[in-house]
Structure formats: structure tokens, C-alpha cells
Amino acid sequence: MAEQMAKQYDPSQVESRWYRFWEDKKYFEARVDSANESFTIVIPPPNVTGVLHMGHALNNTIQDILIRSKRMRGFETLWVPGVDHAAIATQNVVEKKLAEEGKNRHQIGRKALLKEIWAWKEDREKTIITQLKRIGCACDWSRYCFTMDERLSRAVRKVFVKLYDKGLIYRGKYIINWCPRCQTALADEEVNHLDTKGKLYHIRYPFTENDGYITVATTRPETMLGDTAVAVNPEDKRYKHLVGKTLRLPLIGRLLPIIADRHVNPEFGTGLVKVTPAHDPYDFEIGTRHNLEQVQVMAGDGTMNEQAGAFKSLDRFECRKQVVAELEKQGLMEKIESHDHSVGHCYRCDTMIEPYLSTQWFVKMKPLAEPAIEVVKDGRVIFHPARWKKIYFDWLENIHDWCISRQIWFGHRIPVWYCDSCSEVIVAEQTPQLCRSCGSKNLRQDEDVLDTWFSSQLWPFSTLGWPEQTADLAHFYPTSVLSTAPDIIFFWVARMIMAGCEFMGDVPFRDVCLHGTVRDDTGRAMSKSRGNTIDPLEVIEEFGADAMRFTLISITATGTDVYLSREKFHLGRNFANKLWNASRFMLMNFPDNFQPQKMSQPPAIGEDGLAERWILSRLQQTAKDTTAALDSFRLNDSAGSIYKFIWHDFCDWYIELSKDKLASTGPEAERTAWVLWYVLEASLRLLHPFMPFITEEIWQRLPHEGESLFLRPWVEPDESQTDRKAEKQMGFLQELIIAVRTIRSEMNVPPAKKATLAVIPADENVRGIIERYADFIRVLARVERIGFTNPEEKPTASGVAVIGKTELFVPLKGLIDLDREREKLRKEAERLRKMVEGIEKKLANENFLSRAPAEVVERERQKKQSCLETLDRVESNMAQLSV
């Protein structure tokens, strides 16, 4: 009740209580027997490597808004929560922890390491679930999933076997991306290419038959130890005559043939290219075409092996230094040039990756990519914003086979067994007991695990029970929306679409809502190393979950990056406080025993109820705008519509106009109370998906029917309440009142002093509106008397404003000291002119323009424009006071 409503809103006293209430009532649990149309979201599962960051807070707020609003609109909503095992990242974290204790995974063994990892997973999983609940996520916790649950693991094994049987999974020895730190293969999408200031080394390779030499250029001289040929382009006239000759590899002595290959770029370096088939993907292809030996000179940990000769056991970068030094010593280093190039780094640990010859498992992607391209082209999957389709298409149309094996211990073990008795390879969903070829029990499973994304691609249907044909799968697949960031379009979005088309025969979701990256207010990506992260839980502690949610959504346009600072959360907190205070005022002033929800029909609102007709009409338009923006995934516009209506239309205007009427007695007070209640209750319903906690708290205190705002229907626009005439008339009165307030502010009229308003109306209709609603103007513009005049009798020494063809005059004599105000304005005008003069001199100075950064020059130009605009207003006020 009103007397129980605290003077200030305290989210810590509200949020956890209402979340427990919703959970206890099982509101978040979806029913498969519902006749309602389903609306499903599967959460992009956070990695169990750590805790949620601001990007998670934004994405989960987006999903929660969609789920809650669709629930209110009558859909049977399901939001499946869960977490991802994030194999490489999680094992990395635990291995670092072991390293701090002086241990490594090989010392403790696979079983002990996995025990440590599962303990880590259990701890972090609890933290993530707590965070999601603190944010307010309406997830169906009865359907919670982990990517390594047995049910989901069964799906992974089935998919592997099906793709293998179809000829789309194969094993082979190829050049892959290798991380020496993680000691595992990486997919192309798991490599971050960073611009690096490197060097280009020009090395002389001597001929075997004479004293001459050729020069090759490389950025990785340590790999020359594995060279098995030198190649030239067959069209390169400079070197055609060299094809067939033999070189001696410096430092090693291996004989190298000079071969011709059309893939050699004659523009790079000298046009003569060293060929290292075991350490470069292009060289591997050349080597395959020319049947060259594959000499691997590096071990998996990035140290040189026995094939590196005298450089054995050196770290690869130390080896580079020593190779260069030895070449210089032997007179074989022709020159070293600076060379900027892009170098691949591990996406998890930032270690420079090595192109590395290794036996791995791969998926043939082109047959899977073709249907995934078509479903986006024909609109079965829609991207929001649409511009991301181009990147999606570019990747799929140029897709390479996917390396899916990882040389780590945590993850889905590859379901392949090898018979040590007869070399049979068995691919199966269940662990075989005997070799199907020779009957031997001497079987061993492949040591590698699958890329994390192999299981994550199945998430939209594995979480619903596949490969079993469950009721959930039948009712909730395809899911409705995927909300995620654009940086995992390749990793995850495209692969989910491919998997859905391949195994379900349908797309995994209809809409893909892509939000931007959360950055700090200077535009830098947030990271622990930069020290610019903002912890969502700390924000919730300080501002409340509703404030965090509303702020994030309000400042996030679809698909654009978010520039965030802690100060910005005041937006959401101030809005929550405004709503709380307005609600508290109403509850304190409603009539005793006020039960509007039980009224058979609302009070009649006649012509004299302009403010009531206007606010009800504005409510209908707000409901339309909010719904339309939600349906097109413009959540910031949706939040903006509600904010503008509640803060400005409802609080700043209607509540202010209602105060005197609410304090009276009789039908007018009853009508005003009903409109206040009706508009607030509807506003809470519109706002609930964005700020669920405070809206539930206030709604429970209002007269209401039902047990929770969560169960209330969405606000459907009522055309009978749309009143364009009332909106036009009220719009004119608002302009008039704002104009008078502006005059008072600019002329420094003390708030306690009431002014006189003289009006030259545009026509009789305008005059009639002002006369009829003069009380509005008196209350909100602090005007004592309103009179009408004509152009021949304009008041002197007045503040002046014009609205269309209507002129407004606020005589200032008696309100302010005119002489003092004139002098103040004169001094301000003089100060501004001097500022403009100084800026103009600076902008005319060629030395300044040539040396100052562009943004500094632009700031000066903007400062000049701002000063000129202010000067224009000051001079206008001076002119008014001089009349």
C-alpha cells in the first residue's frame, strides 16, 4: 500500500524477492501441451571459463525482453539456458592453475586433469547461473543444458558417425594451424590475424654445380631448415632457365631442385620461393603437386627437432636468431628489410601460431554450406541488420574444410577406435567391444577431442532432445530468434544453420539479431589487461538490475557497438526513481477504497477532459510504436518510446495537470484517478520486459487482478482511444507552455514570481483553445493572468516567442531588474564576441591548421558555432529588453 512505499526505491530490497517468486510459481517453464504458438530462444551458452561480462549482460537482456514481451502477447515461450564446455579455453585455465602449483597435465595424467576441470566447471557454472538470475533472465531452468551432458554427447557422436558414413568426415595429413602453447590444432576461424612489424630476410642459396647462387626471401628463416625445393613461376622470364638446376640448402646441406609452379607469385620478394611443405600451407600444395619430401623441423611445443640439425631443441624464435647469425657469418644473408605483414595468433592465448603438418580429422564443408546459403537468400533466415548477410555469404562461398580434431583432453572424445591387431578403423556411436574385422579386443580410442564448435553447432536441437524425437523437439523447433554478436557468425551462426539443414531438414531459427561489441567510452574493447572492464554484478549492486538493463538497451542501436561507462547507468537509475516517485504520489492520493479494476465501465470523459483524452491517445501510439520496434528488433527505439511517454507525457505533463483535480472531490477526481491508474498499469505492462523487477513491485501495490504482472497481457492499442484532435490541441498548449518557461529561464525570472502572458492569437480557434484551457497554462507556466492583444499594442520590454502565427509576450517589468539584466546581457555578448574573435584568429592561422590534430581543429570550429548560436540568443534577448 501507499504508506508502505519507501520514499526512495531500493532495488536490493526488491529484485531477489521477485525472482524467487517467479521461479517458485514456475512461470518460466514452458508447456508442450499448450495450444499457443511457440516462441523459443536457446541461450548462446556462456563458456565455463569465467564469469559473465557486459557483453553477456547486454545479450541476455535482449533475449529476456523478447521472451517476456512474447509471453505477454500470448506465446508459449521457452528460453533454454545452459553453458558451453569451451574445451581449449577451459583446459587452458586449469593448466595455468596447475602451473602455479608447479605441475603440468602430463605429470598428473588425463584422468586427474579431467577431474580438476570438472571441479572448475561445477564452481563456475554455479556463478554463471547466479549471474543470469540476478540479471532477471526468465530461463526455463528445468531444461538447463551443458554441452557435455550425456544426452548432448549422444547427439555429438551420432552427428560424427552420420557425417563419416556420408563421406563428409575424413582423416588426413595436412597443414593446419597449430598453437605451440595449447599444443593443439585450430580451425581457420580460431586464428586472429594481427598486423605485425616483421622482417623480410633475403637469403642466398648456392648452386651445386658452380659458384653462383640465387636469392630467396622469407619472413620465417627458421623454417628454411625444412626446405625441399625452390620454386619459380613458369611464366617468369627471369628464372625460366634455372628450372631443373640444383641448389644446396645452407646450414643443412640438403639438395634442392628448382621447380616451376604457376602458383608462385613473381612479385613477392625476388620471385624465387623457398618451398617448405611441412611448414606452410601453400608450400604443402606445391609439394603435393611435385611429390616433394615433407621435412618437419619443429616439434609440437615450438622447439626445433632433430631434423633441424645443430639447432635442435632451440625455441623457434631463438632458432630464428641463431639461423640469421649463422647465415650472416657465412656470408649468405644478402639483406634484411622491414616488412609489415599479418601473422596468425591463437584466439585463446594469443600465441603466434605455426602452420604445421599434422594428421587430423576434417569435415568437408562445401556440401553443407550450399543449403545454408540458400536458406538466407530465400528469407527463411533473416539477419538483423541485413548488412551482415554479405559477410555470411562471403565466408560460406569461400569456405574451406574444417579441422575438427583438437590435441587436448577436455571435450567430446572423437568416436573412433583403432584395432592394434589388424589396423581396422571403427567409427561408432557406442564403444565397440571387439574389432569387427578380426574380432580382437585390442582396441584403443582416438586420443583427440572434437572442436568445441562441433557440439555447439547442434545446440538448437540437441537441447530439445535430439536425436530422440521428443515432444520438446516437435513443439519448439525451429527456434524463433538467435541473439548474438557478429564476431561468431563464422564460428557458430553459420555452422548451426548448416547443422539444422543437414540433420533437421529445417533452419535452426528464423531471425538472427546481431548486437555490437560493448566497448569503453573511448571506443576500446573491454579487457582485463586494459583494466577497463565493468562487472555486471557490481553495476547491479550499485544501480540495480533494472537500471543496468534499461541503460544497456537504450544506448544500443541494432548491430552497432556500445560505448559504455559506469556513469551512463545513471540513465536507468534516474528513470527507475522517476517511475517510483510518480507511482508513490498516485498511491498516496488515490481515493480511499479505490478499486478501479472492479468498475463495470470507466468514467465518461467528455470534451472538457482534454488532458485525459490526450494521455490515453498518446498511450495507444506508444503501444503501437513499442510493439513495432520490438518486432523489428529495434529494442533501443522500443525502450525510447516507453521512456519518452512515461517520463515526459505522463510524469511531466499529465500528472502535473492532474494534481489539483485529484485533490478535489466528485466525478472529476474519480475520472482523474481512474486515468492515472489505467495509464500507469498499462505503462508498467509495456515497461515490464525491460525493467521486470520495479514494474512487478509497483504493479503489486496498485489495485489489480491476477497474481503477477508477468502474466498480464501485452497492451494492445485501442483505436477508440486514439484522439488526433486532442493530441493536436495539447501539442499546441505544450509548445506555448514551454515557450513561456524558456522566456522565464533565459530572462532569469525568479521561479516564485508569477508572470503575465499577452497573446496575439493566430485565429479564433487558437484563442478558444487558450481560453478553454487557461488553467493548464496558469499551473504549468506559472502565469497569473492571460490576456489577448493585437499587433498595434504589443507590450514593451517583454520576452517574446512565436508559435506558428501566434505571438507570445511576457512583460518583464516588475519581474526582473531590467537595467541590471540589460547590463548582464551586454557583458555576456561582449565576452562571446571576444571568444569568437579569438577562435577565428586561431582558425586563420596556417601554422595551427597544419600542426594541430584534425579533431582539435574540428573542436575549435564547433566551439565557434556554439558561441555564435549563444550570441544570437543573447542579442535577441537584448533587443527584446530595449523595446
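**Overall picture**

I began with the secondary structure and counted 26 helices and 29 strands in the protein. I note at the outset that this is a predicted model, and I read every entry below with that in mind. For the overall extent I took the C-alpha trace, which spans about 110 × 75 × 55 Å along its principal axes. I then looked up burial and found that 55% of the 883 residues count as buried. The exposed area of the protein comes to about 39,500 Å², of which carbon and sulfur atoms supply 48%. Turning to contacts with a separation of 6 or more, I found that 77% of them join residues 24 or more positions apart.

**The sheet around β9**

Next I followed one sheet, asking myself in what order its strands run. I found an open sheet of four strands, in the order β10-β11-β9-β12, with mixed pairing. The edge strands are β10 and β12, each of which pairs on one side only. I also looked up the twist: neighbouring strands of this sheet are turned by 35 degrees against each other on average, with direction ignored.

I then went through the pairings of β9, residues 229–232, one neighbour at a time. With β12, residues 273–275, β9 pairs in the antiparallel sense over three bridges, and with β11, residues 255–260, β9 pairs in the parallel sense, also over three bridges. Ala231 appears in both pairings, for I find this residue opposite Val273 in β12 and with Ile259 as its bridge partner in β11. For Val230, I noted Lys274 as the bridge partner in β12.

Which way do the side chains of β9 point, and are they buried or exposed? Ala229 and Ala231 point one way and Val230 and Val232 the other way, and I recorded all of these residues as buried.

**Two helix crossings**

I turned to helix α8, residues 366–377, and helix α13, residues 489–504, and found them packed at an angle of about 100 degrees, with their axes 8 Å apart. I therefore entered α8 as roughly perpendicular to α13, since angles from 65 to 115 degrees are classed that way. On the α8 side the contact is made by Leu368, Ala369, Pro371, Ala372, Val375 and Val376, and on the α13 side by Ile497, Met498, Cys501 and Glu502. Sorting the contact of α8 with α13 by class, I have nine nonpolar residues, no polar ones and one charged residue.

A second pair that I looked up was helix α17, residues 610–631, with helix α21, residues 724–746; these pack at an angle of about 105 degrees, with their axes 8 Å apart. I therefore entered α17 and α21, too, as roughly perpendicular to each other. Here Leu610, Arg613, Trp614, Ser617, Arg618, Gln621 and Lys624 of α17 meet Arg724, Ala726, Glu727, Gln729, Met730, Leu733 and Gln734 of α21. How do the residues of this contact divide by class? I recorded five nonpolar, four polar and five charged residues for the contact of α17 with α21.

**Backbone exceptions**

Last, I searched the backbone for exceptions, because most residues other than glycine have a negative phi, and most peptide bonds are trans.

I noted a cis peptide bond from Trp466 to Pro467, with omega near 15 degrees, and placed Pro467 in the loop between α11, residues 459–462, and α12, residues 471–476. I noted another cis peptide bond from Tyr477 to Pro478, with omega near 0 degrees; Pro478 has its place in the loop between α12 and β22, residues 479–484.

For positive phi, I looked up Gln183, which has a value of about 50 degrees although this residue is not a glycine. Gln183 lies in the loop between β5, residues 169–179, and β6, residues 184–186. I entered Gln183 as partly exposed because its relative accessibility is 29%, and the class runs between 20% and 50%.

Leu251 likewise has a positive phi, near 75 degrees, in a residue other than glycine. I find Leu251 in the loop between β10, residues 246–248, and β11, two strands that I had already met in the sheet above. With a relative accessibility of 24%, Leu251 also counts as partly exposed.

Note on methods: Residues numbered from 1 in each chain as written. Predicted model: local features only at pLDDT ≥ 70, side-chain atom pairs only at ≥ 80, totals over all residues. Heavy atoms only, no water. Buried < 20%, exposed > 50% of the residue type's maximum accessible area, 1.4 Å probe, protein only. Pairing = 2+ DSSP bridges. Axes fitted to C-alpha atoms, helices over the stretch in contact; angles between N-to-C directions. Parallel < 35°, antiparallel > 145°, perpendicular 65-115°, else oblique. Contact = heavy atoms within 4.5 Å. Nonpolar A, V, L, I, M, F, W, Y, C, P; charged D, E, K, R; others polar. Areas by Shrake-Rupley, 256 points an atom, 1.4 Å probe, with all protein chains shown as cover.
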